[in-house]
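Open the model in a viewer and keep the selection tool at hand. The stops below go from one selection to the next.

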Amino acid sequence: MIPSYIYVVLWYILAAYLFYMAFRESRFFFVLAGFFAFLGTWALVDIFTETDLMAGVYGWIYRGVAIVVLIICVIRYYFSKKRG
């Protein structure tokens with residue numbers, strides 16, 4: 001099993017890369033970079049605190065944020081394909 005801190009590092013690396021891409025390609029990458037920074041921070045806090053942030057009410061908050069970002073990405077993809 002992969003240790004949790006490796007996910008934290010990967011999510012922060014992805015967030016940094018997407019921030020870089022936001023300046024070069026599209027400002028929409030700021031949304032995704034912020035999401036991956038959120039994931040990294042959430043996992044980091046989960047590692048260092050006694051509270052299980054992946055279960056209970058905190059787990060639903062985590063899933064809710066993920067669903068909102070997924071919906072935003074799907075809407076963005078739909079409109080970009082529609083424009084052609």
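Start with the side chains of Ser26 and Arg76, which make a polar contact at 3.3 Å. This is a predicted model, so the distance is one taken from predicted coordinates. Ser26 sits in the loop that joins α1 and α2. Show what surrounds Ser26: apart from neighbours within four places in sequence, Ser26 is in contact with Met21 and Arg76.

**The whole chain**

Now select everything and colour by secondary structure. The protein has 3 helices and 0 strands, and the order from the N terminus is α-α-α. Along the principal axes, the C-alpha atoms fill a box of roughly 50 × 25 × 20 Å. Of the contacts with a separation of 6 or more, 48% are between residues 24 or more positions apart.

Switch to a surface display. The accessible surface is about 6300 Å², and carbon and sulfur atoms account for 71% of that area. Of the 84 residues, 24% are buried.

**Helix α2**

Hide the surface and select residues 29-48, which form α2. How far apart are the end C-alpha atoms of α2? They are 29 Å apart, which agrees with the 28 Å that 20 residues should span at 1.5 Å a residue.

Within α2, pick out the buried residues: Leu32, Ala33, Phe35, Phe36, Leu39, Gly40, Trp42 and Ala43. Their cover includes α1 and α3, so turn on those two helices to see what lies over the buried residues of α2.

Leu44 is also in α2. Is Leu44 buried or partly exposed? Its relative accessible area is 32%, and Leu44 is therefore partly exposed.

**The nonpolar patch**

Keep Leu44 selected and add the other members of a nonpolar surface patch: Ile2, Tyr5, Ile6, Tyr7, Val9, Leu10, Tyr12, Ile13, Ile47 and Phe48. Together with Leu44 they make a patch of about 1000 Å². Both α1 (4-24) and α2 (29-48) supply at least two residues of the patch. Which helix gives the largest share? That is α1, with 7 residues.

**Further along α1**

Select Tyr20, another residue of α1. Tyr20 has 43% relative accessibility and counts as partly exposed. For a long distance to draw, connect the C-alpha atoms of Tyr20 and Ala55: they are separated by 33 Å, with their positions 35 residues apart along the chain.

**The loop between α2 and α3**

Go to Thr49, in the loop between α2 and α3. The side chain of Thr49 reaches the backbone oxygen of Val45 at 2.7 Å. With 36% relative accessibility, Thr49 counts as partly exposed.

**Helix α3**

Select residues 56-83, the 28 residues of α3. From first C-alpha to last, α3 reaches 41 Å, close to the 40 Å expected at 1.5 Å a residue. Buried residues in α3 are Gly59, Tyr62 and Val69, and the buried residues of this helix pack against α1 and α2.

Zoom in on Tyr62, in α3. Why does Tyr62 count as buried? Its relative accessible area is 19%, and the cut-off for buried is under 20%. Show the contacts of Tyr62 beyond four places in sequence: Trp11, Phe38, Leu39, Trp42 and Met54. Leu39 and Trp42 have already appeared among the buried residues of α2. For Phe38, draw the C-alpha to C-alpha distance to Tyr62: the two are 9.3 Å apart in space and 24 residues apart in sequence.

Next select Ile71, also placed in α3. Ile71 is partly exposed, with a relative accessible area of 45%. Draw a line between the C-alpha atoms of Ile71 and Tyr7: they are 23 Å apart, at a distance of 64 residues along the chain. Tyr7 is one of the residues of the nonpolar patch.

**The end of α3**

Finish at Gly84, just after α3. What phi does Gly84 take? The angle is positive, about 90°.

Note on methods. Residues are numbered from 1 along each chain as its sequence is written. This is a predicted model: local features need pLDDT of at least 70, side-chain atom pairs count only at pLDDT 80 or more; totals for chains, interfaces and linings use all residues. Side-chain values use heavy atoms; hydrogens and water are left out. Patches are made of residues with over 30% relative accessible area and no salt bridge: like charges are joined within 9 Å, nonpolar side chains (Val, Leu, Ile, Met, Phe, Trp, Tyr) within 5 Å. Accessible areas come from the Shrake-Rupley method with a 1.4 Å probe; for residues, only the protein chains shown count as cover. A salt bridge is a side-chain nitrogen of Lys or Arg within 4 Å of a carboxyl oxygen of Asp or Glu. Helices (H or I, at least four residues) and strands (E, at least two) are DSSP runs, numbered from the N terminus. Buried means under 20% relative accessible area, exposed over 50%, partly exposed in between (1.4 Å probe, protein chains only). The expected span of a helix is 1.5 Å times one less than its number of residues. Contact means heavy atoms within 4.5 Å. A polar contact is a pair of N or O atoms within 3.5 Å; within protein, one must be able to donate a hydrogen and the other to accept it, and residues adjacent in sequence count only if both atoms are side-chain atoms.
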